[in-house]
Amino acid sequence: MTRILIVDDDKAVRNLFGQILGDDGYDYTLAADAAEAREYLKEQNFELVISDINMPGESGLDFIRHVLAEHRDTAALMVTVMDDLSIAETLFELGVYGYIIKPFHVKDALISVKNALHRRKLEIDNRTYREKMEQMVSERTAALQKGKKELEQTLNRLKETQAQMIQSEKMASIGQLAAGIAHEINNPTGFVSSNLSTLSDYQSDVITLVKEYRKLVADLKDIKEYSTSILEQVDRITSLEAEADIDFILDDISGLIDESREGTERIKKIALDLKDLAHPGEDKLKFEDINRNLASTLNVVWNELKYKATVTKDYGELPEVECYPQQLKQVFTNILVNAAQAIEEKGEIGIVTRVVDEYVEIKISDTGKGIPEENLSRLFDPFFTTKEVGKGTGLGLNIAYKIINKHNGTIDVESEAGKGTTFTIRVPVGGQQ
Ligand SMILES: Nc1ncnc2c1ncn2[C@@H]1O[C@H](COP(=O)(O)OP(=O)(O)OP(=O)(O)O)[C@@H](O)[C@H]1O
Ligand SMILES: [Mg+2]
């Protein structure tokens, strides 16, 4: 039932309204002033408030302002004797629906009431519809935005995967190429190096023999009674000896053989590195004490380090870590050799091991020449080297990176030009799971 609140200090007007509205089937409440009306408003909702403007106490204007501000589903009509247009404007601005001017005709008043209720219903319907639309729009917008965000994330993931695919494809083909080259290099290197060692066995015999020949030639020279043909041969040998500078040759042969052997060793190492580029080691997973692993690596590379650096070791207590021990040795070897190579005259190499969080951390630092900032981002790229041709292939750190990656670990570098470099490796204690 539609509830209407009537506020008028004039009892006759109040009752008249009550009668008109009651007869028409409305549920009405009568109040003599604003204060009383406010009490009713606290108790229940009214669809319509009809208020006199001139009342003792709170004015009709203030009261209606309050009603419209606090009860947005309540409509308002004003009742007045005066026909004041300026106050009418203020009231319309507040949202009052109309005026009933005293004295009024019953039917006119009723029509004003019905009109106000009708407008109220239209406005509420409108508002409900608008609110529903707004909610729909905001839901759709949110859904669209969510969709957009998901699309962007997918796109980013795709880009990443694509970059990774390109990278791994590049690496795979470089790897295949490298493995092929390594194989090709290995065969000739094998026989060259085996020939060199045979040659080195032969050389001392040949040298001994040549020395005997030379003694014989010298002795022959002193004897005068030989046939001219022998003397001629002796002279020829003497001049050939001088021409060929046989003293120098005899001296140089072992040097040449040693150098060639070193060369083949280097070729073998490069071939090995190239193979690792294709498949880094067919090592077995094992629980290993990294300190022991480091110590054994140091033994192997000792020759490369001993003239360049004093090595300080600070091994912390470590749990055994599930890892590929041979491969870790290779990582440490590559980093230690780099450290020695970075030191020009004489310096220090420090090794520190610790448990940090869930990782075993290995720090290898040197007092070498350091790495210029612009090289830091390319350090782990395959074939990145600053060493002269023949001294470095630029694979050491790339292989190290791949091995540590395979261990779910990290490898980081800090460096200051002129001061030195520190590589930090972290291998998860939990191993490979
Ligand atoms: N401790 C270091 N101090 C200074 N520079 C370093 C250090 N370690 C690596 N570098 C720089 O990083 C480059 C790449 O190192 P990486 O071990 O991958 O290749 P390389 O030593 O040049 O050749 P390879 O190890 O294949 O024989 C080096 O050429 C060098 O410029
Ligand atoms: Mg290296």
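Asparagine 408 has 14 C-beta neighbours inside 10 Å and therefore counts as partly exposed, since a residue is buried only from 20 such neighbours upward and exposed at 12 or fewer. This asparagine sits in the loop between H11 and strand E11 (410-416), and its phi is near 60°, a positive value in a residue other than glycine. A comparable description applies to phenylalanine 383, in the loop between helix H10 (373-376) and H11, where phi is positive at about 70° although the residue is not a glycine. Phenylalanine 383 is partly exposed as well, with 13 other C-beta atoms within 10 Å. The model in which these residues are described is a predicted one.

From these two loops one can step back to the chain as a whole, which contains 11 helices and 12 strands. Its radius of gyration is 51 Å, well over the 22 Å that the globule rule gives for 433 residues, so the chain is more spread out than a compact globule. Along the principal axes, the C-alpha atoms fill a box of roughly 175 × 45 × 40 Å, and 24% of the 433 residues count as buried. The chain is divided into domain 1 (3-104), domain 2 (171-278) and domain 3 (286-428), and the centres of domain 1 and domain 3, taken over C-alpha atoms, are separated by 90 Å. Among contacts between residues at least 6 apart in sequence, 70% join residues at least 24 apart.

The next topic is the packing of nonpolar residues. In soluble globular proteins, nonpolar side chains tend to be buried together. In this model the largest nonpolar core has 32 residues, of which Ile4, Leu48 and Leu77 touch the most other members. Elements that give two or more residues to this core include strand E1 (3-7), helix H1 (11-23), strand E4 (75-80) and helix H5 (106-222), and the largest share, 5 residues, comes from E4. Leaving aside residues up to four places away in sequence, leucine 48 touches Ile4, Thr74, Ala75, Leu77, Val113, Ala116 and Leu117. A second, separate core of 31 residues includes Ile290, Leu328, Phe332 and Ala400.

Not every element is enclosed to a great extent, and helix H4 (residues 85-94) provides the example: of its 10 residues, the number buried is 1, so the helix lies largely in the open. H4 is followed by glycine 95, whose phi is positive, near 115°. Further along the chain, the peptide bond from lysine 102 to proline 103 is cis, with omega near -5°, and proline 103 lies in the loop between strand E5 (98-101) and H5.

The last topic is ligand 1. There are 23 residues around ligand 1, and Ala342, Thr385, Gly392, Gly396 and Leu397 come nearest. The elements that give two or more residues to this shell are helix H9 (325-342) and helix H11 (396-406), with H9 giving the most, 4 residues. By residue class, the shell around ligand 1 divides into 7 nonpolar, 12 polar and 4 charged residues.

Conventions:
Residues numbered from 1 in each chain as written. Chains lettered and ligands numbered in written order. Predicted model: local features only at pLDDT ≥ 70, side-chain atom pairs only at ≥ 80, totals over all residues. Domains from an automatic or database assignment. Near = placed C-beta within 6 Å. Nonpolar A, V, L, I, M, F, W, Y, C, P; charged D, E, K, R; others polar. Core = buried A, V, L, I, M, F, W, Y, C linked by C-beta atoms within 7 Å. Contact = placed C-beta atoms within 7 Å. Rg over C-alpha atoms; globule rule 2.2 N^0.38 Å.
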